[in-house]
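Please look over the sequence and the model together, and keep both in view while you read this briefing. The points below are grouped by topic, so that each can be checked against the picture in turn.

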Amino acid sequence: MTSHSKAVLPRKLCRILALNTLAVCLAAPVPAVLAAEMETAAIPAAVEEAGQPVGGGEEERASVVNGCTLGPRIVCPNLDLRHRNLRGLSLAGADLHGANLMRADLRKADLRGADLTGAILDGADLRTAFLQGARLSGARLRGANLEFARATGADFTGSDLTAANLEAIRADKINLAGASLEGANLQEAKMALSNLSGANMDGAKLRFAIFQDALMTGCRSCPTGW
């Protein structure tokens with residue numbers, strides 16, 4: 001057998017045995033082109049594990065909208081933020097009264113002390129958002145998702161929360177006077193010492209909700225015996 005055949009035989013043998021076992025092929029040298037392809041193919045998996053969006057499937061979060069730099073304590077009333085990705089953004093103390101946040105992604109957003117009076121948040125995703133002390137009087141939140149949000153001391157006076165999801169919200173001392181909670185999901189909500197006077201809770205789901213020492217004067221369909 002020539003030296004040339006000795007060099008070629010192991011590679012041919014490896015190709016044959018690769019059909020039955022991968023272990024034999026591991027000993028053979030990997031061509032440079034194949035190695036590069038394998039390395040490139042591994043990148044999406046690594047990015048996904050790091051929690052980064054893959055393939056551009058998620059809208060990039062804008063930092064400036066209509067000349068307004070989004071951040072804490074900004075003064076940008078009536079700003080159009082419909083469908084925006086604002087997840088995890090800090091807007092603490094911001095003046096966004098009258099803003100349009102319809103279907104905006106506000107998951108884990110920091111809205112503590114923000115002014116959202118008269119804002120439109122229909123269908124907005126506010127899961128696990130921080131709304132402590134926020135002002136949302138007269139705001140519209142039809143079908144909004146506030147599951148697991150923190151809203152202690154927030155002002156929702158006269159707001160429209162029809163069919164909204166407030167399951168497991170933590171909102172002691174919240175002001176919901178005159179608010180519409182018709183058809184809302186309030187299961188496991190924590191609203192001790194809250195103001196629900198004049199509110200409408202027709203058709204609301206109240207299983208395991210806590211309204212200890214809440215004010216319910218004139219409240220429609222509010223639970224009794226608290």
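The torsion about the S-S bond of Cys68 and Cys76 is about 85 degrees, so this disulfide is right-handed. The structure is a predicted model, and the sulfur atoms of Cys68 and Cys76 are placed 1.7 Å apart in it. The count of disulfides comes to two, and the notes that follow begin with this pair of bonds before turning to the core, the salt bridges and some backbone details.

**Disulfides**

- Both Cys68 and Cys76, the partners in the bond described above, are buried.
- The other bond joins Cys219 to Cys222, with a distance of 1.6 Å from S to S, and its torsion of about 60 degrees makes this disulfide right-handed, too.
- Cys219 has a relative accessible area of 15% and Cys222 has one of 13%; because buried means under 20%, Cys219 counts as buried, and so does Cys222.
- If the bonded cysteines of the protein chain are numbered in sequence order, the pairing reads 1-2, 3-4.

**The nonpolar core**

- The largest nonpolar core holds 59 residues, and those that touch the most other members are Leu141, Leu146, Phe156, Leu166, Met191 and Leu196.
- Which residues does Leu166 contact, once its neighbours within four places in sequence are left aside? They are Leu146, Leu161, Leu181, Ala184, Asn185, Leu186, Ala189 and Met191.

**Salt bridges**

- Side chains of opposite charge can pair when their charged atoms come close, and in this model the count comes to nine salt bridges.
- One of them is formed by the side chains of Asp80 and Arg82, at 2.6 Å from N to O; Asp80 is partly exposed at 29% relative accessibility, and Arg82 is also partly exposed, at 42%.
- Another salt bridge is formed by Asp105 with Arg87, whose closest N and O atoms are 3.4 Å apart. This pair links distant parts of the chain, since the two residues are 18 residues apart, although both Asp105 and Arg87 lie in the segment after β2.
- Are Asp105 and Arg87 buried or partly exposed? Asp105 counts as buried because its relative accessibility is 13%, whereas Arg87, at 32%, counts as partly exposed.
- Asp202 forms a salt bridge with Arg220, and here the closest N and O atoms are 2.9 Å apart. This pair, too, links distant parts of the chain, with Asp202 and Arg220 both in the segment after β2 and 18 residues apart.
- Asp202 is buried, with a relative accessibility of 17%, while its partner Arg220 is exposed, with a relative accessible area of 52%.
- Through salt bridges that share partners, Arg87, Asp105, Arg107, Asp125 and Arg127 are joined into one network.

**Asn100 and Met102**

- Asn100 is found in the segment after β2, and at 17% relative accessibility this residue counts as buried.
- A polar atom of the side chain of Asn100 lies 3.1 Å from the backbone nitrogen of Met102.
- Leaving aside neighbours within four places in sequence, Asn100 is in contact with Leu79, Asp80, Leu81, Arg82 and Ile120, and this list includes both partners of the salt bridge between Asp80 and Arg82.
- The C-alpha atom of Met102 is separated by 8.7 Å from that of Arg84, and these two residues are 18 residues apart along the chain.
- Arg84 lies in the segment after β2 and is partly exposed, with a relative accessible area of 26%.

**Residues with a positive phi**

- Most residues other than glycine have a negative phi, and it is against this background that the next two residues may be read.
- Arg103 has a phi near 55 degrees, a positive value in a residue other than glycine. Arg103 is placed in the segment after β2, and this residue is exposed, with a relative accessible area of 55%.
- Ala163 has a phi near 60 degrees, again a positive value in a residue other than glycine. Ala163 lies in the segment after β2, and with a relative accessibility of 48% this residue counts as partly exposed.

Key
Residues numbered from 1 in each chain as written. Predicted model: local features only at pLDDT ≥ 70, side-chain atom pairs only at ≥ 80, totals over all residues. Heavy atoms only, no water. Helix = DSSP H or I, 4+ residues; strand = E, 2+ residues; numbered from the N terminus. Buried < 20%, exposed > 50% of the residue type's maximum accessible area, 1.4 Å probe, protein only. Disulfide = S-S within 2.5 Å. Core = buried A, V, L, I, M, F, W, Y, C linked by side-chain atoms within 4.5 Å. Contact = heavy atoms within 4.5 Å. Polar contact = N/O pair within 3.5 Å; in protein donor to acceptor, adjacent residues only side chain to side chain. Salt bridge = Lys/Arg side-chain N within 4 Å of Asp/Glu carboxyl O.
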